[in-house]
Amino acid sequence: MKILVIAEWQKDTLRRVSLEIATKAASFGDVEVIAVRSRGGGPGEDQGRYTPVAWSSAVAEKAKASGAQLVLVGATLNGRDLAARTAAKLGWAYAADCTEVTPKDGAVEAKRPMYAGKVRATVKVPLPAIVSVRAGAWTLPAGASAPSVTEIAPAADDPRLAFERFEPTASSGKRVSLAEARAIVSAGRGMKGPENWKLVEDLADALGAATGASRAVTDAGWRPNEEQVGQTGKTVTPDLYVALGISGAIQHLAGMTSSKVIVAVNKDPDADIFKIADYGIVGDLFEFVPAFTEAVKKIKGNG
Amino acid sequence: MRFLVCIKQVPDSTVRVKVGSDGRSVASEGITWSISPYDEYAIELALERKDADPGTIVSVVTVGPARSRDALRQALAMGCDDATLVNGPEDLAGLDVAKALAGVVTELKPDVVLCGKQASDDDQGLVGPALAEALGWPHVGMLTKAVPAGSGIELWREVEGGHEVWKATPPVVGLVHKSEKEPRYPSLPGIMKAKKKEIPEKDLAGLGVTPGAAKIEVVAMEPPPQRGGGKIFKLDGDPKGVAEQVAKALHEEAKVI
């Protein structure tokens, strides 16, 4: 089977999720890795600004010309948007945000979360199809080499839509993005106020983690929306999820329950978050977190 | 300006979803149905434009079974001007839903079409982009703000580290991630007014849609892997000792640090 993998660049390297997919897809058949690159990308624009019309047209043309039966792309912000519009353009089946993909009996079987992660579905995807795959669904083998990438140019853009400017989020910094982070420190109302976030950030720095937040916190404006984990925020599956002062509303749990290891700190021993935690710490997070940050640093320091 | 908001009725987000006896769908007993959360944000964004300019018209449409009428009624009670129900089976392909919606767009001629970025049942996020494709319109995803600017509209798209601001000359499709304010509750006069409104029905054939587009099929469903039985630590006046135990466990047992 001929498979097209759509890769995304981040500066000069492929995104990790693109590497994961390209590496795994090689076991399904004959893989060609492509990336769309716009001309004249400005500073910070790794591969030019994504625009749905121009990119989906280019990818659809390439998919048709290549004879591919299956197109795989990372379920990133742009990846999901591009995949959906391209599937519509081609009239192909589409499965979003899959955690497993297996070619089977002339079709593809995929697993994907539904109902905001409250159930896991196995779906049959008729070919030809486009499938977006969640970051971390496939473990990248040690020493996996970067594939060669065919670059394609975007088609013409729709003149009715023009990029105007970028408005950075005030508090966004150097940290890894939530969607691809292997460790996340998330905090909730138990932090008592935005002025206490240094505790969260210090622990995140010690762990090399991204920072997340509960909906209560982003709704209160303590943290930017993009940090929200849960049903109307991001669904995450890191190796380590640390929940500080989060009680565990069902909508929050739906967004993080597939994390490999969950650590929860809460002063309420009956908090729902403890029902899914691998390590639960009952007590005052303001006492525990600084000590924990030091302990993590000590272990990391000893390698 | 004329807005059309496309919504879907889904199990309320506070419902504990259970797998049904057939093992490949969700048990329907005890479900409370609501407007999908992202669609509620889309309604709020449109109604905020109407608050600012009363000449704005906000229409709402859904494709779904008869019970979806309640979701439309709810949207009218929030302040939408009119509603259309397209009768369609629950398992209609997303691409066919998009074609049906495109038919309604052609009749109502809105300047801006808003959809939630995905419905919180199948979480596919297919219908919005597919609708834009069916119409031949551009679309902007991850929308958090829509502000009229000159003859066009500014659309804010949330991305890593901030927002891209796009200027659209309508028509355009926006896929809503969030509104700045929480979606409003229906007011009592709103509810009374909504009760009196007619909700016209359309069928797929009348919109030129013959179902049969490519789609995925759910063959099995299971609850997420059960968790629990974790270790519980109590601080008991020794945060340092507990912190060291937990860090050690994460390093040696869980091997995540």
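This tour moves through a predicted two-letter selection of chains, A and B, stop by stop. Residues are numbered from 1 along each chain as its sequence is written, and chains are lettered from A, with ligands numbered from 1, in the order in which they are written. Because the model is predicted, local features need pLDDT of at least 70 and side-chain atom pairs count only at pLDDT 80 or more, while totals for chains, interfaces and linings use all residues; side-chain values use heavy atoms, with hydrogens and water left out.

**Chain B as a whole**

Select chain B and colour it by secondary structure: six helices and 13 strands should appear, where helices (H or I, at least four residues) and strands (E, at least two) are DSSP runs numbered from the N terminus. Its C-alpha trace spans about 65 × 50 × 40 Å along the principal axes. Of the 257 residues in chain B, 56% are buried, a word that stands for under 20% relative accessible area, with exposed meaning over 50% and partly exposed the range in between (1.4 Å probe, protein chains only). A contact is taken as heavy atoms within 4.5 Å, and among the contacts in chain B between residues at least 6 apart in sequence, 72% join residues at least 24 apart.

If you turn on a surface, chain B exposes about 11000 Å², of which carbon and sulfur atoms supply 51%; the areas come from the Shrake-Rupley method with a 1.4 Å probe. For the charges, select Lys and Arg as positive and Asp and Glu as negative, leaving out His and the chain ends. The mean positions of the 31 positive and 37 negative charges of chain B are 3 Å apart.

**The nonpolar cores**

Next, select Y94(A), I130(A), V86(B), V113(B) and L131(B), the residues with the most contacts inside the largest nonpolar core, which has 54 residues. Such a core is a set of buried Ala, Val, Leu, Ile, Met, Phe, Trp, Tyr and Cys residues joined through side-chain atoms within 4.5 Å. Helix α3 of chain B, residues 94-108, gives the most to this core, with eight residues. Centring on Y94(A) and leaving aside its neighbours within four places in sequence, you will find contacts that include R80(A), I130(A) and S132(A), as well as Q124(B), L126(B) and I216(B). A second, separate core of 41 residues includes A183(A), A206(A), L244(A) and I257(B).

**Helix α4 of chain A**

One of the residues just named, A206(A), is among the buried residues of helix α4 (residues 197-207) of chain A, alongside W197(A), L199(A), V200(A), L203(A), A204(A) and L207(A). The buried residues of this helix pack against β13 (183-187), β14 (210-213), α5 (215-219), β15 (240-244) and α7 (285-301) of chain A. Just after the helix, G208(A) takes a positive phi of about 70°.

**Cysteines and a buried glycine in chain B**

How many disulfides does a search of the whole structure find? The search returns zero over all chains, a disulfide being a pair of cysteine sulfur atoms within 2.5 Å. Select C6(B) and C115(B) to see one such case: the sulfur of C6(B) is 4.0 Å from its closest cysteine sulfur, in C115(B), which is too far for a bond. C6(B) is itself buried, with a relative accessible area of 6%.

From C115(B), move to G128(B), which is in contact with C115(B), V173(B) and L175(B) once its neighbours within four places in sequence are left aside. G128(B) lies in helix α4 (residues 127-135) of chain B and is buried, with a relative accessible area of 7%.

**Backbone features in the loops**

In chain A, select the loop between β9 (119-126) and β10 (129-133), where P128(A) lies; the peptide bond to P128(A) from L127(A) is cis, with omega near 0°. In chain B, P170(B) and P171(B) are also joined by a cis peptide bond, with omega about 10°, and P171(B) sits in the loop between β9 (162-168) and β10 (172-176).

Two further residues have a positive phi although neither is a glycine: Y115(A), at about 50°, and D236(B), at about 45°. Is D236(B) buried or exposed? With a relative accessible area of 69%, D236(B) is exposed, and it is found in the loop between β13 (231-234) and α6 (239-252) of chain B. Y115(A), in the loop between β8 (107-114) and β9 of chain A, counts as buried at 14% relative accessibility.

Technical notes
Charge placed at Lys NZ, Arg CZ, Asp CG, Glu CD.
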